[in-house]
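Thanks for sharing this one with me. I have put my notes into numbered points, and you may like to keep the viewer open while you read them.

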Amino acid sequence: MDHMAETPTASMKQAPDTTGPAIVSLRGAGVFRSGRWLVRGIDVEIRPGEILTLIGPNGSGKSTTAKMVLGIEKPDEGSAWRAPDLVVGYVPQKLSVDWTLPLSVERFMRLTRSLSKAESDAALARTGVAHLAGSEVRNLSGGEFQRVMLARAIARKPGLLVLDEPVQGVDFAGEIALYDLIGKIRDELNCAVLLISHDLHVVMAATDRVLCLNGHICCQGTPTSVADSEEYRQLFGARGAPQLAVYQHHHDHTHLEDGRVRHADGSITAHCHPDDGHHDHDHGSHHHDHHHPQHAQDENREGRN
Amino acid sequence: MLDDFFVRALFAGIGMAAVAGPLGCFIVWRRLAYYGDTLAHAALLGVALAFLLEINVTLAVFAVALFVSLALLALERRAGLSSDALLGILSHSALALGLVVISTMAWLRVDLMGLLFGDILSVSRIDVALIWIGGAAVLAVLALIWRPLFAATVSPELAEAEGMNVTKANFIFMVLMAVVIAIAMKVVGVLLITAMLVIPAATARRFATGPEQMAILAAIFGVVSVCLGLGASRLWDPQSGPAIVVAALCLFVLSLSPLARLVDRRRTARANDAREEGFRP
């Protein structure tokens, strides 16, 4: 029953490296669907207790990468490895419960493992929705359901918590509170957190590493220089400072609509050059000298759903 | 006791309804009514092949229903057509193929009406035994795979991410469906199997507060429909298969009536009260 317990593929024997025991490791992983690569060349390791945030525009392969981590998508090249005893808690991006399905919050909590009432109530109380235990899942608001899904995931006492755009449908104050909560949960459970963020600018301050995707790994590093960033101030003001951080983006090449790449010198190629900005960078503050048009659209879009 | 044809019919019907109810809930939750129809139509081909090859009818129906399920899975991966269209192709080709095979066997006098609408009053003791043993096996297996199957109904990705074997659960569910089709065909006939899967489950939805409760209620409503339908067919002599489905329909209509809504409203009010009491501003 437990597909997490799959034996590592031959190429993955050397997976966990010297810097610590990774619980998840993707090596050169890519997913090919209907004639194109959704993502390619993903090298990621997740270590216990670290918070890793995936950012990138729509269609950049954030969800596909997360699905490879979760084992929902099998990589078509490269490999994906998970520690055999890893318990995963997953909060999907959206989950629509059909009206034909009578499902209370209390029953939803026990969806993938049995849980005592005390455990269930404790997890719901932890995310501040204990009063919803008897409600129908269908009748919850977006924010309430997000917290219920988070409670369900942490009730499993996971070693890895995967959150797909957890602040979607949550207002701004709720977003800060939710990020704050995720940080605290990480500290309590000492679980690794993989966070997919739709927002290019704002990531949790507690994030240890940010991974920017655009069909490949654009760049990665530690989010720094938060409060003094211009974009950050414009978006959120000083109020959210402790919870939110800005991750700046300046790239040296442009991804065109048709998938080709225009470089700083004006030349156009089908793919990024190996020496493009995203392939070598320090892990401090990030200033790439190229720009993705999709990123720009994202930055300009109104409101945050 | 099983000497009386009516008692045998009652036992066969109850056995069928008790199994069709819980499986029917998944049909409703997953919106698979057309899939149930397709398997039911394929059952006719199973009957035809059973006559042609001189094998057990129930076994042949099971085999063909399973084959059609597998064909659907394979085609979904390759053909690039919507599963809706694929079901239409499979459903009616199987039905037509079955009718063609039956009509080529000129020496055979098949009771086509019996196949289409069931012939519950002619079930033998062996049929009853087959229905109960098969039915018990189906319910036991369903209980075993309940958690992954239900989790996959709510969200396949969530279930798979958290380590449940969704592919296996779905495959077993397909096998169980094939068994139920084979069981139910004798009772209500090819054309009305889906009704016994969907209608009791839909009735149960009005009263259920949880998935397990809904499965049990669906089984109960199905059993009640069988009793009412058979009773009516004894009193007024309509064909028993359709009578059972009409009884199920009556229960469903009742569940929509003001009386049932009263029960429903009281429950909703209670849930809301609990929610407000527990709310801390």
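In strand 7 of chain A, which residue is the bridge partner of A:V162? The notes below take that up, and please keep in mind throughout that this is a predicted model.

1. **Partners of A:L194.** The bridge partner of A:V162 in strand 7 of chain A is A:L194. A:L194 is also the bridge partner of A:L52. Both are worth bringing up together on your screen.

2. **Pairing of strand 7 in chain A.** Strand 6 of chain A, residues 160–164, pairs with strand 7 in the parallel sense, with 5 bridges. Strand 3 of chain A, residues 51–55, likewise runs parallel to strand 7, with 4 bridges.

3. **Cover on strand 7 in chain A.** Strand 7 spans residues 192–196, and 5 of its 5 residues are buried. In a regular strand, side chains alternate between the two faces of the sheet. Here A:A192, A:L194 and A:I196 lie on one side and are buried, while A:V193 and A:L195 on the other side are buried too. Both faces of this strand are therefore covered, because buried means under 20% relative accessible area.

4. **Cysteines.** If you were hoping for disulfides, a search of the whole structure finds 0 over all chains. Take B:C25: its closest cysteine sulfur is in B:C227, 18 Å away, so a bond is ruled out by distance. For B:C227, the closest cysteine sulfur belongs to B:C250 at 15 Å, which is also too far for a bond. The surroundings of B:C25 and B:C227 can be compared as well: B:C25 is buried, at 0% relative accessible area, whereas B:C227 is partly exposed, at 34%.

5. **A nonpolar patch in chain B.** B:I216, B:I220, B:V224 and B:L228 make a nonpolar surface patch of about 350 Å². One of these residues, B:V224, sits in helix 10 of chain B, which covers residues 211–236. B:V224 counts as partly exposed because its relative accessibility is 33%.

6. **The UniProt annotation for chain B.** An unreviewed UniProt entry lists several stretches of chain B as "transmembrane region", including residues 129–149, 169–202 and 214–236. In the model, residues 129–149 of chain B are 100% helix and 0% strand, with end C-alpha atoms 28 Å apart. Residues 169–202 of chain B are 88% helix and 0% strand, and there the end C-alpha atoms are 23 Å apart. I would enjoy hearing how you read these two stretches.

Definitions and conventions. Residues numbered from 1 in each chain as written. Chains lettered and ligands numbered in written order. Predicted model: local features only at pLDDT ≥ 70, side-chain atom pairs only at ≥ 80, totals over all residues. Heavy atoms only, no water. Patch = residues over 30% accessible without salt bridge, like charges linked within 9 Å, V, L, I, M, F, W, Y side chains within 5 Å. Areas by Shrake-Rupley, 256 points an atom, 1.4 Å probe, with all protein chains shown as cover. Salt bridge = Lys/Arg side-chain N within 4 Å of Asp/Glu carboxyl O. Helix = DSSP H or I, 4+ residues; strand = E, 2+ residues; numbered from the N terminus. Buried < 20%, exposed > 50% of the residue type's maximum accessible area, 1.4 Å probe, protein only. Pairing = 2+ DSSP bridges. Disulfide = S-S within 2.5 Å. UniProt positions renumbered as here; feature names shortened; annotations may be inferred.
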